Amino acid sequence: MKKVVILNASPRHDGNSNHLADLFLSKCNCEIISYNMYDENIAPCIACNLCSKSGKCFSDDCKHIIDDIFSSDYIVFSTPIYCYSFPAPMKAFLDRLQPYYSDEKYKNPAFDRKGFVLASCGKSGKFGIDVIEKQSRIAFIELSASFEGIFLFSDTDKRSALTTDEICKVKQLAKDFFN
Ligand SMILES: Cc1cc2nc3c(=O)[nH]c(=O)nc-3n(C[C@H](O)[C@H](O)[C@H](O)COP(=O)(O)O)c2cc1C
């Protein structure tokens, strides 16, 4: 059976991005491994440079997540937008992917899995989604995942549910992604 790792970046376990993730994952026939980044206590990068010298990180506190991702077929980020970016625990995780960075990987990325991003934000329009997309693209290269797309659930300051059209779109995106 194929495996999907989902990283939930919201502190609200019953929030908008988790509802979006539930809808997206309802279309998959995979083993689902789910992490909430607020439960993980991942230390921020301390710029010790150990990874550039030895390829190792100063801490193993997120190794279990990275090991799961490297043995998965799909990775999904599910996040609220905080100040145009990811919430701090998720950003800490992304910074800690530095040991998986290499110039060569950027020139010739190898895609062993597929990646997708689900985001939600309070404002209407595409508020902050460009930053989330850029950061996700970099992270996916480090995790040997292709960037397959992004869906934004916006305007949550004024609403708590997707429209019927949006629900159909998310289901179709999931179907194509898990195909
Ligand atoms: C600290 C903080 C910063 C936020 N920054 C933004 C922002 O930059 N742009 C935006 O549109 N919404 C922003 N929001 C609103 C959230 O993105 C929005 O409520 C989102 O739907 C929450 O998702 P969740 O229910 O999955 O946690 C912010 C919320 C918080 C708590």
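Tutor: Two residues are in contact if their C-beta atoms, placed from the backbone, lie within 7 Å. The model is predicted: local features need pLDDT of at least 70 and side-chain atom pairs 80 or more, while totals for chains, interfaces and linings use all residues. Residues are numbered from 1 along each chain as its sequence is written.

Student: Which residues does D61 touch, not counting residues up to four places away in sequence?

Tutor: D61 is placed in the loop between α2 (50-54) and α3 (63-70). Its C-alpha atom is 8.1 Å from that of E40, which is 21 residues away along the chain. With residues up to four places away set aside, D61 touches N41, I42 and A43.

Student: Is D61 buried, exposed or partly exposed?

Tutor: A residue is buried if 20 or more other C-beta atoms lie within 10 Å of its own, exposed if 12 or fewer, and partly exposed in between. D61 has 15 other C-beta atoms within 10 Å, and therefore it is partly exposed.

Student: In what order do the elements of the protein run from the N terminus on?

Tutor: Helices (H or I, at least four residues) and strands (E, at least two) are DSSP runs. The protein has 7 helices and 5 strands. From the N terminus on, the order is β-α-β-α-α-β-α-α-β-α-β-α.

Student: Among contacts between residues at least 6 apart in sequence, what share joins residues at least 24 apart?

Tutor: The C-alpha atoms of the protein fill a box of roughly 50 × 35 × 30 Å along the principal axes. Buried residues account for 31% of the 179 residues. Among contacts between residues at least 6 apart, the share joining residues at least 24 apart is 81%.

Student: Which residues have the most contacts inside the largest nonpolar core?

Tutor: A nonpolar core is a set of buried Ala, Val, Leu, Ile, Met, Phe, Trp, Tyr and Cys residues joined through C-beta atoms within 7 Å. The largest one has 38 residues, and those with the most contacts inside it are V76 and L118. At least two residues of this core come from each of β1 (3-8), α1, β3, α4, β4, α6, β5 and α7 (164-177). To name the two residues asked for once more, they are V76 and L118.

Student: With which residues is V76 in contact, leaving aside its neighbours within four places in sequence?

Tutor: V76 and L118 have the most contacts inside the largest nonpolar core. Once the neighbours within four places are left aside, the contacts of V76 are V4, I6, A21, F24, F116 and L118.

Student: Which helix gives the most residues to the shell around the ligand?

Tutor: A residue counts as near the ligand if its C-beta atom, placed from the backbone, lies within 6 Å of it. The ligand is surrounded by 18 residues, of which G15, S17, P80, C121 and G122 are the closest. The helix that gives the most, with 3 residues (its own range is 16-25), is α1.

Student: Against which elements do the buried residues of α1 pack?

Tutor: In α1, the buried residues are N16, S17, N18, L20, A21 and F24. The elements against which the buried residues of this helix pack are β1, β3, β4, β5 and α7.

Student: And against which elements do the buried residues of α6 pack?

Tutor: Helix α6 (residues 129-142) has 14 residues and reaches 20 Å from its first C-alpha to its last. Its buried residues are I132, S136, A139, F140 and I141. They pack against β3 (74-80), α4 (88-95), α5 (103-107), β4 (113-120) and β5 (145-153).

Student: Which residues are in contact with F127, leaving aside its neighbours within four places in sequence?

Tutor: F127 is found in the loop between β4 and α6, and it counts as partly exposed because 16 C-beta neighbours lie inside 10 Å. The C-alpha atoms of F127 and S154 are 27 residues apart along the chain and 8.0 Å apart in space. Outside its neighbours within four places, F127 is in contact with I81, C121 and S154.

Student: Why does C83 count as exposed?

Tutor: C83 lies in the loop between β3 and α4, and its phi is positive, near 50°, although it is a residue other than glycine. C83 counts as exposed because its number of C-beta neighbours inside 10 Å is 9.

Student: What is the phi of D155?

Tutor: D155 lies in the loop between β5 and α7. With 14 C-beta neighbours inside 10 Å, D155 counts as partly exposed. Although D155 is not a glycine, its phi is positive, at about 70°.

Note on methods
Expected span 1.5 Å × (residues − 1).
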